[in-house]
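I opened the model today to look up a few residues, the strand pairings and the open and closed spaces. My notes follow in the order I took them.

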Amino acid sequence: MNHKIHIQFDMITLLRGSVERTITRCIRQTLEEEGITADCEINVLVTNDRSIHAINQASRGVDRPTDVLSFPMFELEPGNPPRDWEPYLDPETGLCPLGDMCISLERAVAQAKEYGHSTRREVGYLTIHSMLHLLGYDHVDEGPMKAQMRSREEAIAGQIRGMRRD
């Protein structure tokens, strides 16, 4: 597949190369595991707690930082991608613009330490989580929707070296 993944950092970090590779790998693996047959375009902003707090406040009215935000372009059915992607494609690029995600690297580093795993695993998990949102998954309840999403996150992470749970 010829996916276009735009990753922008609004801060300076020594982790840039590693974070870019992790995000790219996790996006590609999620698209593959979910059976996405269209070439897609995804925008990723890697930021800090202060910036994601402002985005969270402006977009959701939530006055606090968070680890990841997802802004899907379409309402897709989780686990059931369209067979015909033509209506979803940008006529100028021929790509399906799935949407945007924002990841707080500051929050990812803190959560990795809290959960006792690597920053790479945490960034990867947040990327997979956000991609599933872009593909229609949600976890608004504590029941079947959340269980379905968690199951997919773990299955996809399990396919990526360095992301498997020990």
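**Entry 1: T127.** I looked up T127 first and found it in helix 4. The model is a predicted one, and I read every value below with that in mind. Is T127 buried or exposed? T127 has a relative accessible area of 0%. The cut-off for buried is under 20%, so T127 counts as buried. Next I listed its contacts, leaving aside neighbours within four places in sequence. T127 is in contact with I23, C26, I27, M101 and I103. I checked where these partners sit. Helix 1 spans residues 16-33, which places I23, C26 and I27 within helix 1. Strand 4 spans residues 96-104, which places M101 and I103 within strand 4.

**Entry 2: I42.** I moved on to I42, which is found in strand 2. I42 has 0% relative accessibility and therefore counts as buried. Which residues does I42 touch, not counting those up to four places away in sequence? I noted K4, I5, H6, I27, L31, L98, G99, M101, M131 and L134. I27 and M101 are on this list, and I27 and M101 are also on the list for T127. I then took a separation along the chain. I42 and Q159 are 117 residues apart in sequence. Their C-alpha atoms are 21 Å apart in space.

**Entry 3: strand 2 and its partners.** I wanted the surroundings of I42, so I read strand 2 as a whole. Strand 2 covers residues 40-47. It is mostly covered, with seven of its eight residues buried. How many bridges join strand 1 to strand 2? I found six, and the two strands run parallel. Strand 1 covers residues 4-9. Within this pairing I noted H6 opposite N43 in strand 2. I also followed the connection. Strand 1, helix 1 and strand 2 make a β-α-β unit, and I recorded its hand as left-handed.

Strand 2 is also joined to strand 4. Eight bridges link these two, again in parallel. Two opposite pairs went into my notes. C40 stands opposite C96 in strand 4. V46 stands opposite I103 in strand 4.

**Entry 4: strand 4.** How many of the nine residues of strand 4 are buried? I read eight, and strand 4 is mostly covered. In which sense do strand 3 and strand 4 pair? They pair in the antiparallel sense, over five bridges. V68 stands opposite I103 in strand 4. I103 came up in the pairing with strand 2 as well, opposite V46.

**Entry 5: two partly exposed residues.** I looked up G17, which is found in helix 1. G17 is at 28% relative accessibility and so counts as partly exposed. G17 and L126 are 109 residues apart along the chain. Their C-alpha atoms are separated by 17 Å.

A155 is found in helix 5. At 32% relative accessibility, A155 also counts as partly exposed. A155 and E33 are 122 residues apart along the chain, yet their C-alpha atoms are separated by 8.7 Å.

**Entry 6: the largest pocket.** I turned to open space. The largest pocket holds about 570 Å³. It is lined by 23 residues. Which of them lie nearest its centre? I wrote down T66, D67, V68, H129 and H139. The elements that give two or more residues to this lining are strand 3 (68-72), helix 3 (105-115), helix 4 (119-134) and helix 5 (144-157). The largest share, six residues, comes from helix 4. By class, I read seven nonpolar, seven polar and nine charged residues in the lining.

**Entry 7: the largest cavity.** I finished with closed space. How many cavities of 30 Å³ or more are there? The count comes to one. About 40 Å³ of space lies in the largest cavity. Its lining is made up of E34, I36, L76, E77, P78, G79, N80, P81, P82 and L135. I sorted these by class and got six nonpolar, two polar and two charged.

Conventions
Residues numbered from 1 in each chain as written. Predicted model: local features only at pLDDT ≥ 70, side-chain atom pairs only at ≥ 80, totals over all residues. Heavy atoms only, no water. 1 Å grid on protein atoms, 1.4 Å probe; cavity = no way out; pocket = protein on both sides within 12 Å on 5 of 7 lines; lining within 4 Å. Points joined across faces, edges and corners; volume = space filled by probe spheres on them. Nonpolar A, V, L, I, M, F, W, Y, C, P; charged D, E, K, R; others polar. Buried < 20%, exposed > 50% of the residue type's maximum accessible area, 1.4 Å probe, protein only. Helix = DSSP H or I, 4+ residues; strand = E, 2+ residues; numbered from the N terminus. Pairing = 2+ DSSP bridges. Right-handed = clockwise from strand over helix to strand, strands pointing away. Contact = heavy atoms within 4.5 Å.
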